[in-house]
Amino acid sequence: MKPDSAPTPERSDFLREIVAADLVAGRHDSVVTRFPPEPNGYLHIGHAKSICLNFGIAAEFGGRCHLRFDDTNPCKEEQEYIDSIQTDVRWLGFDWAEHLYYASDYFEQLYEWAVHLIKNGKAYVDDLSADDIRTHRGTLTEPGIESPWRERTADENLDLFARMRAGEFPNGSRVLRAKIDMTSGNINFRDPVMYRILHAEHPRTGSTWCIYPSYDFAHGQSDAIEGITHSICTLEFQDHRPLYDWFIENLPVPSTPHQYEFARLNITHTVLSKRVLLRLVNEGHVHGWDDPRMPTLSGIRRRGFPADGIRDFAAMVGVARADSVVEIEMLEHAVRDALNRTALRRFGVLNPLKVVIDNFPEDRVEQVEVPNNPEDESAGTRAVPFARELWIERDDFMEEPAAKFFRLAPGREVRLRSAYFVTCTDVVKDDRGEVIELRCTYDPDTRGGSSPDGRKVKATLHWLSAGHALPAEIRLYDHLFASAHPGSGGRDLFDDLDPASETILTGAFVEPSAADIEIGQTVQFERLGYFCPDSDSSPAALVFNRTLTLKDTWAKLQAQGRHDSL
RNA sequence: UGGGGCGUAGCCAAGCGGUAAGGCAGCGGACUUUGGAUCCGCCAUCCGUAGGUUCGAAUCCUACCGCCCCAGCCA
């Protein structure tokens, strides 16, 4: 290994600097990281940051990254989560190759190491109840006091620990504790629990075990077994690092991994906490883990966010040690940016308004050629049927146009995208005075959307042939929480849920080719936003989710106007 | 009040003793067959505060202030 052979990644942050320095100094031949989820819930975008970090560093430095399930608490873990986590990591674009591991694979080795500590007088079986252990632990400012069982002989401890494993004792009756320092300022050193009795069915080991190692006793040793060089976790584990190191130093482990911490991701208008997400699901605030409003990877996937947009976002927010809350606009920017490059353009009308072109022959249907993606000529074009009766967007017409509104209005000429210029000649209303139809004329010389005489129009509208359009249900999504910082200011988090975060539109139409969009593909309905077929969609009943709107200057002007008039 | 961290623009975030990158948001303008996209310009005399060291400090030292995490047999 040449000291100067460490690759220099384009991105840099304090972790990459540490890795690069370790490689240059020859402390490691290659870097090995790991992403260690507990299978007790679905992965969310905060995990995506960690996944991109761990797999990203490994890839950039020519190392490898393991996927390891931290499955040491059978009470909360399920196979469903193990499966979804693998699906999500792959979807994000990462590959652990053959390096799929489970902390539960190491239970026997961990048990032997616990015995090793007992023999060295560094661990003991404690008969205190959970409550007593808590009171003996002291407080943040007062030292703890030692358990009366702390000085048992190694033989007695060995016997008791073996019987714990054998299932002789009920849950909670005893624990194995590391014997460190009940007066330490670091509470993790006040004889932390290494094993607890849990007569529970484990998703992988079934009923083989009835004692389970704690996180602190399992994590570092699992890292050591796998030869992890850089064990990257979030800030709240900083206080655990001395304990992590203590176990590594006091056990005959095959390698000496080191732990590094970074600030977890927070995003405005949402919540990245498995505990809260579980409640949202269980209490029915959303339709499930993959509800398109959820920040879970399965949720944003269903919503239509592309994996590369998420990866771009992770790179954009960076990695540091300061607590931070990223504005959700940054995520949305990354998603729009990714989608703008690749999404095919289609026509869809959310709130249809009938338009009749009076001077267009009644039985004529023209096939208009429309570009699939103006950003990418190689995406080609498609034919969209044009006829006498059309749908346009209700918002694209104002009988009495406001200032700066330059779409359709009585007497006004606009362009129907890629088709013709049309002029509104009449407005048809129902008994209640509501506009139900527009009569227009078209200029046959403007076929394709431009005028031979060079005259300009101020607006271009999307449209659909009423006789050819396909009905569709369209689900509009907005931020799950109305507040930028849910639960701040002493409010109940759940009171900040936005009841309008999901709006179902049933009267919408899409162009015929939209029926061919596959699940997993996100397209742009021109001028509206990005949409994707929902998993509920079928050829007989099309359902689209709105991924994100396009940036909308007009909507912003309107919002400002509303604001100014207050 | 014990221990561990963190404070650079509205939000992220570079910066590692030589005179404040970049992105998001915002604001102007150009262009436009998506009011999209794209392009151009503006946006910290200042780095939590106060002292000190130095020719020179966001970077070093001291004190103070503020915020976050830790008292699960969760991870």
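Which residue stands opposite L470 in β22? It is V510, and the pairing belongs to a predicted model, in which local features need pLDDT of at least 70, side-chain atom pairs count only at pLDDT 80 or more, and totals for chains, interfaces and linings use all residues. Residues are numbered from 1 along each chain as its sequence is written, chains are lettered from A and ligands numbered from 1 in the order in which they are written, and side-chain values use heavy atoms, with hydrogens and water left out.

Back to β22, then. Helices (H or I, at least four residues) and strands (E, at least two) are DSSP runs numbered from the N terminus, and two strands count as paired if DSSP finds at least two bridges between them. Strand β21 (residues 470-477) runs antiparallel to β22 and is joined to it by seven bridges. Strand β11 (residues 348-349) is also antiparallel to β22 (residues 502-510), with two bridges holding the pair. V510 turns up here too, as the bridge partner of G348.

A second piece of sheet is open and made of three strands, in the order β1-β2-β3, with parallel pairing. Each of β1 (32-35) and β3 stands at an edge with a single partner strand, so one side of each is left without a neighbour in the sheet. Neighbouring strands are turned by 35° against each other on average, direction ignored; axes here are lines fitted to C-alpha atoms, for helices over the stretch in contact, and angles run from 0 to 180 degrees between N-to-C directions. Between β2 (residues 64-69) and β3 there are three bridges, and F69 stands opposite Y102 of β3. Two helices lie across β1, β2 and β3: α3 runs at about 160° to β2, and α7 (residues 215-226) at about 140° to β2. Contact, in this setting, means heavy atoms within 4.5 Å.

Now for the RNA. Strand B is surrounded by 68 residues, the closest being R345, R407, R415, G448 and Q524; a residue is near a strand if one of its heavy atoms lies within 4 Å of it. Sugar or phosphate accounts for 61% of the RNA atoms within 4 Å of the protein, and bases make up the rest. The residues of this surface split into 23 nonpolar, 22 polar and 23 charged, where Ala, Val, Leu, Ile, Met, Phe, Trp, Tyr, Cys and Pro count as nonpolar, Asp, Glu, Lys and Arg as charged, and the others, Gly among them, as polar. As for individual atom pairs, side-chain N or O atoms sit 3.1 Å from a phosphate oxygen of RNA strand B in R137 and 3.2 Å from one in H333. V317 uses a backbone N or O atom instead, 2.9 Å from a sugar or linking oxygen of RNA strand B. The elements giving two or more residues to the surface near RNA strand B are α5 (130-136), β6 (193-197), α11 (307-317), α12 (328-342) and α13 (553-564).

A few single residues round things off. S465, in strand β20 (residues 463-465), is buried at 3% relative accessibility; buried means under 20% relative accessible area, exposed over 50%, and partly exposed in between (1.4 Å probe, protein chains only). Not counting residues up to four places away in sequence, S465 touches P385, F386, A387, E389 and L390. A97, in the loop between α3 (79-92) and β3 (100-102), is not a glycine but has a positive phi near 50°, and is partly exposed at 47%. K404 is not a glycine either, and has a positive phi of about 70°; it is exposed, with a relative accessible area of 59%.

Notes
Polar contact = N/O pair within 3.5 Å; in protein donor to acceptor, adjacent residues only side chain to side chain.
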